Amino acid sequence: MLFNTKMETLPREEMEALQLRRLRDVCTRVYANVPFYRKRFDEVGITPADIRSLADIKLLPFTEKQDLRNNYPFGLLAVPRDQMARLHASSGTTGKAVVMGYTRRDLDNWAELVARSLVAAGVSSSDMVHIAYGYGLFTGGLGLHDGVERLGATVVPASGGATKRQAALMRDFAATVLCCTPSYALHLWEAGQEMGIDFRDLPLRVGVFGAEPWTEAMRHDMEVKMGIAAMNIYGLSEIMGPGVAIECADAKCGMHLWEDMVYPEIIDPVTGEQQPAGELGELVLTTLTKEGVPLLRYRTRDLTSLDYTPCQCGRTHVRIARLQGRSDDMLIIRGVNVFPQQIEGLIVETPGLSPNYQIIVERERNLDTLEVRVEMAENLFADEIRKLQSLERKLQKSIKEFLGVTAKVRLMEPRSIQRSEGKAQRIVDNRPKE
Ligand code: DLL
């Protein structure tokens, strides 16, 4: 099933012609209307007329999150303020928020991409879709919401919080699709268990999970626990929100990125050089149709690779691999690069542990220390200290073996690590900032 058959199966040649037309158009618009971009073009000595092929995108300057912050709140608007139909903002853990403005047409395009994404994930107009992404300035709730309405399915705008009540509503309304972060899905599932609601007994069949990193191992765990197909959805506020890319139910192998509206590149995060398809690097995105705040070559900091090989689902849009982390999430522990997802993978593979964890980094006498706090599985009868210690040692050993770092592993009581209603906070880095 496809939502927009013509666009989703556009042959590569036509896609590239469309992308070039739109790229030239967005360059013209930002050059004319956004002083920040006009200055950037002038600095590198180009005008929109210099973009003659898609390869010329390399001539354009990058845009970084700091540029959005420096222009807070409306400095990058490319249309008059009164044409903004809606604003969203990402809170950002550090510094100023990033504000995004959408025109009526931007909201329309966004709903279309989310509808396409839902259909790709196996959702149809007869589904009952429970949305537990936060509503508000965060793009998750309202973004999914508009897409579900565009698709014509039934939407339950639950938002985050009141977790037990939500589990009861999922049962009572017979939800067939759950949209939320993977960590909140687990939290909902736990709340259900406590109330005697087993997700496997509900008609629930699809999870649309994203907004935070998660692993293949976590997917498997959730699919078994919940009796669903757990699908990965990607997006970011700066570009739009959820629905920039999604896995298709047919292949479940990489996320189709909607290339008619967003142009992807992979670069080496250090040199900024474009990388060939298949290489791991930083995802850089250019909005091709956005009117409110168009962005050229936005550096997402997300690490992935591009796959242009044909997909069995028939969609021609490129696929991005499951995110390998963010270049700014990488922990350097005594010189060794560690991504939190690598630790998550090892936790999920260790029987007796639950996928609720937190990574604490400290600096003691100039040395970095890594502590992994992880909850025991509910069904583990941890009456014997010896058993616990051997489980701790087991995880510690695999972290040492696979990642090359020494970690202190601390087993925690089930449900003792704080649950989040949105994105889980997996890393607590207490090292002094340089
Ligand atoms: O998280 C938009 C979204 C909402 C996506 C709901 C999917 C579902 P931001 O708050 O701006 O927007 O955060 C964007 O979250 O750059 C990634 O680092 C991370 N992220 C988003 N989706 C995934 C995913 C929304 N599927 C940032 N896997 C992005 C891993 C993800 N990381």
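# Exercises on a predicted model

The structure holds zero disulfides. Keep in mind that this is a predicted model. Let's work through it together.

## Exercise 1: Cysteines without a bond

Work out why Cys179 and Cys311 form no disulfide.

*Solution.*
- Step 1. Recall that a disulfide is a covalent bond between the sulfur atoms of two cysteines.
- Step 2. Pick the cut-off: the two sulfur atoms must be within 2.5 Å.
- Step 3. Test Cys179. The closest cysteine sulfur belongs to Cys180 and is 7.7 Å away, so a bond is ruled out by distance.
- Step 4. Test Cys311. Here the closest cysteine sulfur is that of Cys313, at 3.6 Å, which is again too far for a bond.
- Step 5. Look at the surroundings. Buried means under 20% relative accessible area. Cys179 has 0% relative accessibility and counts as buried; Cys311, with 9%, is buried too.

## Exercise 2: Around the ligand

Find which residues come nearest to the ligand, and describe the shell around it.

*Solution.*
- Step 1. Start with the shell: 20 residues surround the ligand, and Asn232, Ile233, Ser237, Asp302 and Lys423 come nearest.
- Step 2. Sort the shell by character. It divides into nine nonpolar, six polar and five charged residues.
- Step 3. Look for polar atoms facing the ligand. Asn232 places a polar side-chain atom 2.8 Å from a ligand nitrogen. For Lys423, a polar side-chain atom is 2.8 Å from an oxygen atom of the ligand. Arg326 has a polar side-chain atom 3.1 Å from a ligand oxygen.
- Step 4. Ask how much of the ligand is covered. On its own, the ligand has 610 Å² of accessible area, and the protein covers 92% of that.
- Step 5. Trace the shell back to its elements. Helix H6 (139-151) and strand S7 (229-236) are the elements that give two or more residues. The largest share, five residues, comes from S7.

## Exercise 3: Reading the sheet

Give the order of the strands in the nine-stranded sheet, then explain what is special about S4 and S13.

*Solution.*
- Step 1. Remember that strands of a sheet pair through backbone hydrogen bonds, either parallel or antiparallel.
- Step 2. Read off the order: S4-S3-S5-S6-S7-S8-S9-S14-S13, an open sheet with mixed pairing.
- Step 3. Go to the edges. S4 and strand S13 (306-307) each have a single partner strand, so one side of each has no neighbour in the sheet.
- Step 4. Zoom in on one pair. Strand S6 (residues 206-210) runs parallel to S7, and five bridges join them.
- Step 5. Find a bridge. Phe209 has Asn232 as its bridge partner in S7. You met Asn232 in Exercise 2, among the residues that come nearest to the ligand.

## Exercise 4: Unusual backbone spots

Locate the cis peptide bond before Pro73 and the positive phi angles of Ser159 and Ala174.

*Solution.*
- Step 1. Check omega. From Tyr72 to Pro73 the peptide bond is cis, with omega near -10°. Pro73 sits in the loop between helix H4 (65-70) and strand S1 (84-90).
- Step 2. Check phi. Ser159 is not a glycine, yet its phi is positive, about 60°. Ser159 belongs to the loop between strand S4 (154-157) and helix H7 (163-173).
- Step 3. Turn to Ala174, also not a glycine, with a positive phi near 60°. Its loop runs between H7 and strand S5 (177-180).
- Step 4. Compare accessibility. Ser159 counts as buried at 18%, whereas Ala174 is partly exposed at 32%.

Definitions and conventions. Residues are numbered from 1 along each chain as its sequence is written. This is a predicted model: local features need pLDDT of at least 70, side-chain atom pairs count only at pLDDT 80 or more; totals for chains, interfaces and linings use all residues. Side-chain values use heavy atoms; hydrogens and water are left out. A residue is near a molecule or strand if one of its heavy atoms lies within 4 Å of it. A polar contact is a pair of N or O atoms within 3.5 Å; within protein, one must be able to donate a hydrogen and the other to accept it, and residues adjacent in sequence count only if both atoms are side-chain atoms. Accessible areas come from the Shrake-Rupley method with a 1.4 Å probe; for residues, only the protein chains shown count as cover. Helices (H or I, at least four residues) and strands (E, at least two) are DSSP runs, numbered from the N terminus. Ala, Val, Leu, Ile, Met, Phe, Trp, Tyr, Cys and Pro count as nonpolar, Asp, Glu, Lys and Arg as charged, and the others, Gly among them, as polar. Buried means under 20% relative accessible area, exposed over 50%, partly exposed in between (1.4 Å probe, protein chains only). Two strands pair if DSSP finds at least two bridges between them.
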